[in-house]
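Reader: I am new to this structure. Please walk me through the terms and what they rest on.

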Amino acid sequence: MSKVKFEIKSRWTGSILFEYEKENNTLKDTVVQAVKAGANLEGAYLAGAYLKGAYLKGANLEGAYLAGAYLKGADLKGAYLAGANLEGANLEGAYLAGAYLKGAYLKGANLEGAYLAGAYLKGADLKGAYLAGANLEGAYLAGAYLKGAYL
């Protein structure tokens, strides 16, 4: 069986932020390995990535492009997602306790049942986001744009 290599590139420069190669490798495996290795994924281009249930605790994804990503049930506890683009992303049941989402773009994102306790969402754009059943206890929402959000 041949090895498969994935590269995570910067959305701004196209430079490689992290690469990982192994048999039966997936982009999800590569992202998880990058986080385990403490890689800086600031500005990573991960649009549409399938990251269901991924363990991304404490990841630095500042300014990352995750539009349309599938993060259902992912563990993003304490992740740094300032300015990240999560438009239309599926974060159903994701664990985002203490995540830093200042200025994040979450337009139309599915956050149903997400755990956002203590998350920092100052200035985040949640227009049309689906937040039914989300735990927002202690979340900081000052200046967050909630027009059309389903609470």
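What follows is a set of short questions and answers.

Reader: What should I know before I start?

Author: This is a predicted model, where local features need pLDDT of at least 70, side-chain atom pairs count only at pLDDT 80 or more, and totals for chains, interfaces and linings use all residues. Residues are numbered from 1 along each chain as its sequence is written, and side-chain values use heavy atoms, with hydrogens and water left out.

Reader: What makes a stretch a helix or a strand, and how many does the protein chain have?

Author: Both are DSSP runs, numbered from the N terminus: helices are H or I with at least four residues, strands are E with at least two. The protein chain has one helix and two strands. Their order from the N terminus is β-β-α.

Reader: How do you know whether the radius of gyration agrees with a compact globule?

Author: The radius is taken over C-alpha atoms, and the globule rule is 2.2 Å times the number of residues to the power 0.38. For 151 residues, a compact globule would come near 15 Å; the protein chain has 15 Å, so the two agree. The C-alpha trace spans about 50 × 30 × 20 Å along its principal axes.

Reader: What share of the residues counts as buried?

Author: Buried means under 20% relative accessible area, exposed over 50%, and partly exposed in between (1.4 Å probe, protein chains only). Of the 151 residues, 42% count as buried.

Reader: Why is A79 called buried, and N24 exposed?

Author: A79 has 0% relative accessibility, so A79 counts as buried. N24 has 53%, so N24 counts as exposed. A79 sits in the segment after α1. N24 sits in the loop between β2 and α1. N24 also has a positive phi of about 55 degrees, although N24 is not a glycine. Just after α1, G38 takes a positive phi of about 75 degrees.

Reader: What is A79 in contact with?

Author: Contact means heavy atoms within 4.5 Å. Leaving aside neighbours within four places in sequence, A79 is in contact with L56, G58, A59, A99 and Y100. A79 and N110 are 31 residues apart in sequence, and their C-alpha atoms are 18 Å apart in space.

Reader: Which residues of α1 are buried, and what covers them?

Author: In α1 (27-36), the buried residues are T30, V31, V32, A34 and V35. Their cover includes β1 (3-9) and β2 (16-23).

Reader: N85 and N60: buried or partly exposed?

Author: N85 has 13% relative accessibility, so N85 counts as buried. N60 has 23%, so N60 counts as partly exposed. N85 lies in the segment after α1, and N60 is found in the segment after α1 too. Leaving aside neighbours within four places in sequence, N85 is in contact with R11, A64, Y65, L66, A67 and Y105. With the same neighbours left aside, N60 is in contact with N40, L41, E42 and Y80. The C-alpha atoms of N60 and G43 are separated by 9.2 Å, with their positions 17 residues apart along the chain.

Reader: What makes two rings an aromatic pair, and how many pairs are there?

Author: Rings of Phe, Tyr and Trp (its six-membered ring) pair if their centres lie within 6.5 Å; planes under 30 degrees apart count as stacked, over 60 as edge-to-face and the rest as tilted. By this rule the count comes to seven aromatic pairs.

Reader: Why is the pair of Y45 and Y65 called stacked?

Author: The centres of Y45 and Y65 lie 5.4 Å apart, within 6.5 Å, and the planes differ by 5 degrees, under 30, so the pair is stacked. The pair links distant parts of the chain: Y45 and Y65 both lie in the segment after α1, 20 residues apart. Y45 has 47% relative accessibility, so Y45 counts as partly exposed. Y65 has 24%, so Y65 is partly exposed as well.

Reader: How do you know that Y100 and Y120 are stacked?

Author: Their centres lie 5.0 Å apart and the planes are at 0 degrees, so Y100 and Y120 form a stacked pair. Y100 is partly exposed at 26%, and Y120 is partly exposed at 24%. Y80, Y100, Y120 and Y140 form one aromatic cluster.
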